Amino acid sequence: MKIPEYALTALNRIWESGYEAYFVGGAVRDLLMGKDASDWDLATSARPEQILDIFSEAKYENSFGTVILPTHNEAGDVLEITTYRSEKGYNDRRHPDEVCFEDNIEEDLKRRDFTVNALALTPERPGLAGNPIVLDGKKYILVDLFGGQKDIEKKIIRAVGEPVDRFKEDALRLMRAIRFTCQLGFGLEDKTGRGIVKMAGGLKFIAPERIHDELIKILSSDRPEMGIRALSQYKLLQYIIPELEDGKDTKQHYHHIYPVLEHNLLSLKYCPSSEWPVRLAALLHDVGKPKAYKLVGGHPSFYNHEYIGAKMTERIMKRLKFSTAEIFRVVNLVRNHMFYYQVGEVTAASVRRLIAKTGRENLQDLIDLRVADRLGSGLKSAVPYKLRHLQYMMEKVQNDPVSVKMLKINGHDLMTELKMEPSPKMGAILEVLLAQVIEDPELNTKEYLLSQARELSTENLESLRSKAQEIIAEKQEEADESLRHDFKV
């Protein structure tokens, strides 16, 4: 439990210059919990211009009293040094209309969100009020006006003062409260929870980019399922991903013993990947089931739900301002999570087709999603023999050609050997050749491919595109049939 030397040095320089200074916020909370703390922030009685006089290399480029001080350490950390302040008016439900500089730490702590974050810490000095504590063999004074230290011990998140007032000031705090519970493993204090339910509609005023950031932090935590479940419990999920709520009462069949929403939550819980995009895919992989729902022979059927879900996932992620690359990765997993594999029935060629369709770099993600799906269905075996055999086959064929770039000829060869002009037709010919080579890698020779390309060059563009699709469709007929029965490894 150590405070970085650069942070302690900066704080002491402010005291030596005749002003007060305290460590505040999450770093103090983490320090008291015995965790590695980061993002060290200082609050001070000094005004921004006075901080700039103390630290010549500091920069002040905002109107909220926060000065940025580079630390010049290897990690490139910066210190945020903010003048004590109070705030008034929050017409946009996110930012204060007016910031007033204050002269004491008590006023500054009153504006903070939760008691575990409304803590201030500084080395012991004569006359300072607060609780004396010892950290790393040194004496400090802890200012704790709202019982934050006890709430850390009780492991609860509680709003400073009246919860409704805190959430009126900044509606993003609604999600932050949930995020802290799953990051810290804490529960929500009852009154704070009721305040969240009452003020849940405030999320409508928050920019999608901010919701996006909080959602990623929840998914990246040690307890992502706990976080998403709490978002639903406290009426926030309907303003973030309402499509998930549609699965709350959608019952399933066969090995699926849970309704769709519960299955999605448990799939997230058991997802073996620590990467948030894979976890998000686990959460959304069956989001299309309520829309695909039909009764067939008296039983629920969800045929094509993976394609419906992929389109829904794309819309959800665009709405929440995810990047194009992030959307592609998650949508790709949702679209392909129903891949079929039966030992003895599926050939190496079908595994190559799977790799070609999903991308070699996404194979482990796809396996992790399948494991999450199985465990989220109530199945006891995470990786059955069939899935282990699939992993073996993936390794076996990993160097086989599965993309146009891996063919022994390219567009330049078609131009020089067949005198073709660059055109979409050239790309279509290469796609047909790839479809053939995926079925039989032995065909991937320059001589064979050029002879085939010469024959194909007489056909028109539409015919070539159809031919490539026909080769793929013919070989996947068996897999498509399995999907009709909603069968998964």
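Two residues are in contact here when heavy atoms lie within 4.5 Å of each other. Keep that cut-off in mind, since the tour leans on it, and remember that this is a predicted model.

**Stop 1: α13 against α18**

Select helix α13, residues 276-284, and helix α18, residues 363-376. Now show side chains for Val278, Ala281 and Ala282 in α13, which meet Asp365, Asp368, Leu369 and Ala372 in α18. Sorted by type, the residues of this contact come out as five nonpolar, no polar and two charged.

Next, turn the view to look at the axes. They come within 10 Å and cross at roughly 40°, and the two helices are therefore oblique to each other. The crossing of α13 and α18 is right-handed.

**Stop 2: keep α13, swap the partner**

Hide α18 and bring up helix α16, residues 324-336. The axes of α13 and α16 come within 9 Å, crossing at roughly 45°. That makes α13 oblique to α16, and the crossing is right-handed.

Which residues of α13 should you pick for this contact with α16? On the α13 side, take Trp276, Pro277, Val278, Leu280, Ala281 and Leu284. They meet Glu326, Arg329, Val330, Leu333 and Val334 in α16. The tally for this contact is nine nonpolar, no polar and two charged residues. Val278 and Ala281 are worth labelling: they take part in the contact with α18 and in the contact with α16.

**Stop 3: α16 from its α15 side**

Leave α16 on and add helix α15, residues 305-319. Here the axes come within 8 Å and cross at roughly 160°, so α15 and α16 are roughly antiparallel to each other. Once more, the crossing is right-handed.

For the side chains, select Glu306, Tyr307, Gly309, Ala310, Thr313, Glu314, Met317 and Lys318 in α15. Across from them in α16, pick Glu326, Ile327, Val330, Val331, Val334 and Arg335. The contact of α15 with α16 divides into seven nonpolar, two polar and five charged residues.

**Stop 4: the end of α17**

Jump to threonine 358, in helix α17 (residues 348-358). Is threonine 358 buried or exposed? At 4% relative accessibility, threonine 358 counts as buried. Beyond its neighbours up to four places away in sequence, threonine 358 touches Asn332, Asn336, Leu363 and Leu366. Try a distance label to asparagine 336: the two C-alpha atoms are separated by 7.0 Å, with these positions 22 residues apart along the chain numbering.

**Stop 5: α10 and what covers it**

Select helix α10, residues 224-233, where seven of the 10 residues are buried. Those seven are Pro224, Glu225, Gly227, Ile228, Ala230, Leu231 and Ser232. To see what they pack against, switch on α7 (173-184), α9 (208-219), α11 (242-245), α12 (260-269) and your old friend α13.

**Stop 6: the loop after α10**

Move on to the loop between α10 and α11, and click lysine 235. This residue has a positive phi of about 65° although it is not a glycine. At 39% relative accessibility, lysine 235 counts as partly exposed.

Step along to leucine 236, in the loop between α10 and α11. Leucine 236 is buried, with a relative accessible area of 0%. Leaving aside neighbours within four places in sequence, leucine 236 is in contact with Leu174, Met175, Ile178, Ile196, Ala200, Leu203 and Leu231. For a sense of scale, draw a line from leucine 236 to valine 432: they are 49 Å apart, C-alpha to C-alpha, and 196 residues apart in sequence.

If you like backbone torsions, lysine 155 is another detour, with a positive phi of about 60° although it is not a glycine. Look for lysine 155 in the loop between α5 (148-154) and β10 (156-157).

**Last stop: the cores**

Which residues touch the most other members of the largest nonpolar core? Select Phe23, Leu121 and Ile228, out of 113 residues in that core. Centre on leucine 121, and beyond residues up to four places away in sequence you'll find Ile3, Leu11, Tyr22, Phe23, Val28, Leu31, Ile133, Leu135, Tyr140, Ile141 and Leu142 touching it. Apart from this core lies another, of 22 residues, including Leu418, Ala428, Leu456 and Ile471.

Terms used
Residues numbered from 1 in each chain as written. Predicted model: local features only at pLDDT ≥ 70, side-chain atom pairs only at ≥ 80, totals over all residues. Heavy atoms only, no water. Core = buried A, V, L, I, M, F, W, Y, C linked by side-chain atoms within 4.5 Å. Buried < 20%, exposed > 50% of the residue type's maximum accessible area, 1.4 Å probe, protein only. Axes fitted to C-alpha atoms, helices over the stretch in contact; angles between N-to-C directions. Helix = DSSP H or I, 4+ residues; strand = E, 2+ residues; numbered from the N terminus. Parallel < 35°, antiparallel > 145°, perpendicular 65-115°, else oblique. Left-handed = near helix turned anticlockwise from the far one by under 90°. Nonpolar A, V, L, I, M, F, W, Y, C, P; charged D, E, K, R; others polar.
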